[in-house]
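Please look over the sequence and structure shown here, with attention to how the two chains meet and how their strands are arranged.

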Amino acid sequence: MLDIAGSEDESNGIKLSHHRSGFVQFSGGGIISGPGKPGVQVQSWPLSKPVPGPAFSVSILSIEGYSKKAIADVACLFPGSGLTPTRETGVLIIEGFYFPWEATTHTQLTDEGERVISVRRPSDEKALQLKVLTPPATCWNLGFVAVHANLEPINADQKMEGFFVTTSTGNLRRNDADEMLGDSLVLGYPRVFPPRRSIDYSPQNHSPNKTSED
Amino acid sequence: MAKALSDESVLGGGQDQFTVGIRHDNDSITRLFKIGYARNDCSYFVFFPYHPYRGKAVLGKFIVNYARRE
């Protein structure tokens, strides 16, 4: 790990954001963020030039304790009968892909009225059907997010708790063996290893973290 | 040449936030997280208001080696 930070945020307010410029960071919840600040961030691909693979991945080890209240806004639902994570069934992985707006030509409406898009995941050539999260009209000229979900088996001795999120990579380079490397960000709950530093905003050490990139 | 179908007749009115969840056999729903589009620059964001692990976040940066990725 290049960096491990901890936050005591009690608001569940930390979010991952991928900006038009390609700036990817975690912000909100009182943590340090913004370009040039000592937050957790990376420069990745701009939204005008997305890559074919996943833009982010959410791995959920258990849904115990999650809210079951009614959904007030638009829902993107997956069937629990095949996708509920448990020690027996595996980890629920929800991957998000980002498509340029031209890809709307490849979307389809299902019989249930859901807009979907089919792709082959570059890493394993697996065919995926993703649910399209149609953006507001003001964003049609940029692109859209689509998501899919699946269960991945886990080791029998793996502890089942929490979730973690990984992001698209940035800072691409090659090592001495000519292997391609990139940096990715991760957010996880609960804390499974001790952080090297706190990322919570402290007025003694940092300026306020509200920036134009928040 | 394929036409870029970016008009309202194709996609309909979109939204700026979506709740991702799972629907159980008894029709109850577990809310997992949210995905949204920012109104100012159309960036996307993912946030997690529903999990039960308040105050226990770990954040970090790690190296991905594409040559050794499974």
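**Interface and shared sheet**

In this predicted model, 83 residues of chain A are in contact with 58 residues of chain B, a contact being two residues whose C-beta atoms, placed from the backbone, lie within 7 Å. Local features need pLDDT of at least 70 and side-chain atom pairs count only at pLDDT 80 or more, while totals for chains, interfaces and linings use all residues. Residues are numbered from 1 along each chain as its sequence is written, and chains are lettered from A and ligands numbered from 1 in the order in which they are written.

**Side of chain A that touches chain B**
- Strand β14 (residues 180–189) of chain A supplies the largest share, 10 residues; strands are DSSP runs of E with at least two residues, and helices runs of H or I with at least four, numbered from the N terminus.

**Sheet across the chains**
- An open, mixed sheet of seven strands runs in the order β4(A)-β3(A)-β2(A)-β3(B)-β2(B)-β1(B)-β6(A), where pairing requires at least two DSSP bridges between two strands.
- Its edge strands are β4 (41–43) and β6 of chain A, each of which pairs on one side only.
- Strand β6 (residues 74–79) of chain A runs parallel to strand β1 (residues 17–23) of chain B, joined by six bridges, and A:Ala75 has B:Thr19 as its bridge partner in β1(B).

**Within chain B**
- Chain B has one helix and four strands, in the sequence pattern α-β-β-β-β.
- Strands β2 (residues 29–37) and β3 (residues 44–47) of chain B are antiparallel and joined by four bridges, with B:Ile35 opposite B:Val46 in β3(B).
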